[in-house]
Amino acid sequence: MKAVIMAGGFGTRIHPLTINLPKPMIPLFNRPIMLHIVDLLKKHGITELVLLLYHQPEVIKHYFGDGSEFGVKITYVTPLQDFGTAGAVKAAARHLDDRFMIISGDLLTDFDLSKVIDYHKQQKAIATITLTSVTDPLQFGVVITDKEGQITKFLEKPGWGEVFSDTINTGIYILEPEVLDLIPDGENRDWSQDIFPLLLEQKRPLFGCKLEGYWQDIGNPAAYLEACRDVFSGKVQLQLDQTAKGEESQIYVGQETDLDSDCLEELQGMVVLGDNTRVLGKARLKNCVVGRNCIIDSGVTLENAILWDNVYVNKHAHIQNAVCGHSTRIGTKAMIEDGAVIADATNVGAGALVKQDVKVWPQKVIEGGAVVTNNLIWGEKWRKSLFEGNQVKGLTNIELTPEFVAKLGAAYGSTLPKDSSILIGRDAFRSSRMLKRAFAGGLLSAGVNVRDAKCIPMPVLRYKLATFGEVGGVHFRQSESDPNLTEIVFYDGESLAISTNTTKTIERVFFKENFRRAHFAEPGGLSDLGNLPRFYKEGFLRSLDRDAIEKAAPKVVIDLNHSAAAEVLPDLLIELGCEVIELNSHVDETPRPNAEERRARSLDQLSRIVVTLEAQAGFILGPSGERLTLVDEKGRVLEDFESLAILAELTSRSSKEGQLVLPTPAPHSIDSSAHQLGMSVTRVKNDDRTIIEATRNTRVQMAGTMDGRYIFPRFQPCGDGLYTIAKTLELLATQNTTLDTIRRQLNWKAYRQIELPCSWQFKGGIMRRLSEHAADKEASFLDGVKILYPEGWALVVPDATRPVVHLVTEAEESAQADKLLNTYREHVETWMQEIREQ
């Protein structure tokens, strides 16, 4: 049997360790990671290997040769371009005429591979995927199997709301050669996204074999250090080239290694020293690996440290839980803190301090006494991951500097067609303007045209974006939760949040600095779109029943939150015949701290003014114009779920046919009322892109989220607080009613929602236990797990960006809703405790 080793990845996420090396060649206990995989394959009788190369292939070929030195026979295949995980294997098809295994060359595992091979044979499978359980399944492909082990569903890189198991795809496959017939020659195909779903669709025998044991995807520096610690602690055993100093000793030394007698008693835990390495004086080493030709001077302390070849550590330096690459120099009394990575040929001066988790790119010079708090790349900060959803966020002018943002703009522009156009805008703050201009420069350098909407509400920008002319849009805004943060929000040409694939493409260009540089005579053009509010106004007024609003002449109080909406909304409402009382209408360029306190004060003020002036309603807009909070004529501040239910009721009474789109956690009482009025209800995941895509159905009259964003797709398919205010007034006017009247007429059920703190590493285990708990119950797995009971329902869904779990219940009676809430709170807390104790 042959094995195909995937060894062509770029290793972008583990930079800077892979700047000068392909990832499979990273030293792991003084041997390349891939050599440990070769040893494992040999252990299970697999000695014919096909290595798929792409990035820096000559390094791997030079080390392994024909494989005879390592007791194997190696055939190399280097595809001409990146064909994806399956397309690359197709390029090696002529070497694969019998059953074969696929395994990654950059992971660490001690799995019993013979067991999965035997399982494949017993099941007479065409393909078998090796599975295992992990604490954080988000970054891997989750696989669902039936009781017989046959695969029923794939979730590739799921969100927490989709994680129904912590059983993941390890990237180790047993395949029959006919599987390759499903892969077109010379085309990009992925096993998890293309081929395995195709086998599933064709109902071919596709199985999953769950194995116990150690498995670690060494995808980033933190995972690399964790794998090393796991070897130190005995979680996994490795074959070493060094020799133990005694039968029970954990001190391993190479040839011609020189240890001063003074340091022998200072060696603790597992210590591995490479060939021709010298340890001088009273150096203290605990759980560390030192490569070949290194010098560790007297007084040095190494703890959980990984040193590659030719490293010199001067007297009294301290390195803890960090990596030093080839030929690095660490000065006297220098300190390298937890998680730091010092890449090849870097010189750290005497007394310098490299702070926790800092990454230093190759061939840098850190002056003596310097304190390095930021990653040192080519003058810029390196980030592990740029995007959270469709946003890049960071501390203004610290993490998101003009240099960083210009580079981000160049990376984004490099993924777009040359001479295409991007629409950009911002909120009122100066920092947003500063960063927007830097970003525009990056776009222009890539040959992309920039249409600048300047200071503008987000819904106005997205209204233009959804029409014609641009391939994408970007908005810069201050974070609502933290005024020190700027958020850069990306949309595609249809005003949808950009996809995960797009964000990954941008990140790849960003990290590799593979920018497209326009010819000096062909940079992008910059133009201003000063007439955008007028364009928005025309569509805004055209989509409303102006006569009804003018006849009702409602009095409304609006808190404009010092936002750009102050330049647009009041004039629109006045033209509709409304009497408008404006609060906080001055557009303020300075950041405002204490967001929660200010919001509470603003709501209290708004409530009192509505009652005092006998206004029909009050509204407070979110800073970017998307979110909206409603206050009824009695001064009651409506919760977001109450506002959603009231607007859905008003829409249903007005339309009497069509469809509502609601997120999974929304109250079911909305459905009951909508059905009675002839409306249908579609439930979707509670995220922006999914909800907007659902509104493309022409029957949809309204959609909403759980955080105060409402969509009326006949105007535009995204959350628009400005339009929602006018639409609410129109619906109230045409039905001659009020917000309080509708609220009291609705058949409310008891609705409860809370958040429970939950560490990231617990989420997968909790969702697996919850899925098992729901196996014999009526349940929905659309977004999280919603379990249905005769008296009500309970929903548990992990948050996508924060370490919390959301728990929502609804029932006919308050006592029933509270009981469900307490029951599932106890379940979640019990499951977390079980995971802690494992």
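Trainee: In this predicted model, what span should the 15 residues of helix H18 (residues 721-735) have, and how far apart are its end C-alpha atoms?

Mentor: The expected span of a helix is 1.5 Å times one less than its number of residues. For the 15 residues of H18, that rule gives 21 Å, and the computed separation of the end C-alpha atoms agrees with it, being 21 Å.

Trainee: Is H18 mostly covered or mostly open, and how many of its residues are buried?

Mentor: The buried residues of H18 include Gly-721, Ile-725, Lys-727, Thr-728, Leu-729 and Glu-730. Helix H18 is therefore described as mostly covered, the number of its 15 residues that are buried being twelve.

Trainee: Which residues of H18 does Phe-619 touch, if residues up to four places away in sequence are not counted?

Mentor: Phe-619 is among the residues that touch the most other members of the largest nonpolar core, which has 69 residues, and Ile-725 is another of these. The contacts of Phe-619 include Val-556, Val-557, Ile-558, Leu-606 and Leu-630. From H18, whose buried residues include Ile-725, Thr-728 and Leu-729, Phe-619 touches Ile-725, Thr-728 and Leu-729.

Trainee: How many residues does the second, separate core have?

Mentor: This second core is separate and includes Ala-3, Phe-29, Leu-108 and Trp-308. Its number of residues is 65.

Trainee: Is Gly-618 buried or exposed, and what is its relative accessible area?

Mentor: Gly-618 lies in strand S40 (residues 617-621), and, leaving aside neighbours within four places in sequence, Gly-618 is in contact with Val-557, Leu-606, Val-610, Thr-629, Leu-630 and Val-631. Its C-alpha atom is separated by 9.0 Å from that of Lys-555, 63 residues away along the chain. Because buried means under 20% relative accessible area, Gly-618 counts as buried, with a value of 0%.

Trainee: Is His-773 buried or exposed, and at what relative accessibility?

Mentor: His-773 has its place in helix H20 (residues 760-773), and, not counting residues up to four places away in sequence, His-773 touches Ile-787, Tyr-789, Tyr-824, His-827 and Trp-831. Since the cut-off for buried is under 20%, His-773 counts as buried, at a relative accessibility of 19%.

Trainee: Are helices H15 and H16 roughly parallel or roughly antiparallel?

Mentor: The axes of H15 (residues 640-655) and H16 (residues 669-676) come within 9 Å and cross at roughly 5°. Angles under 35 degrees count as roughly parallel, so H15 is, relative to H16, roughly parallel.

Trainee: Which residues of H16 do Leu-644, Ala-645, Ala-648, Glu-649 and Ser-652 in H15 meet?

Mentor: By class, this contact of H15 with H16 has five nonpolar, two polar and one charged residues. On the H16 side, the residues met are Ile-670, Ser-673 and Ala-674.

Key: Residues numbered from 1 in each chain as written. Predicted model: local features only at pLDDT ≥ 70, side-chain atom pairs only at ≥ 80, totals over all residues. Heavy atoms only, no water. Axes fitted to C-alpha atoms, helices over the stretch in contact; angles between N-to-C directions. Helix = DSSP H or I, 4+ residues; strand = E, 2+ residues; numbered from the N terminus. Parallel < 35°, antiparallel > 145°, perpendicular 65-115°, else oblique. Contact = heavy atoms within 4.5 Å. Nonpolar A, V, L, I, M, F, W, Y, C, P; charged D, E, K, R; others polar. Buried < 20%, exposed > 50% of the residue type's maximum accessible area, 1.4 Å probe, protein only. Core = buried A, V, L, I, M, F, W, Y, C linked by side-chain atoms within 4.5 Å.
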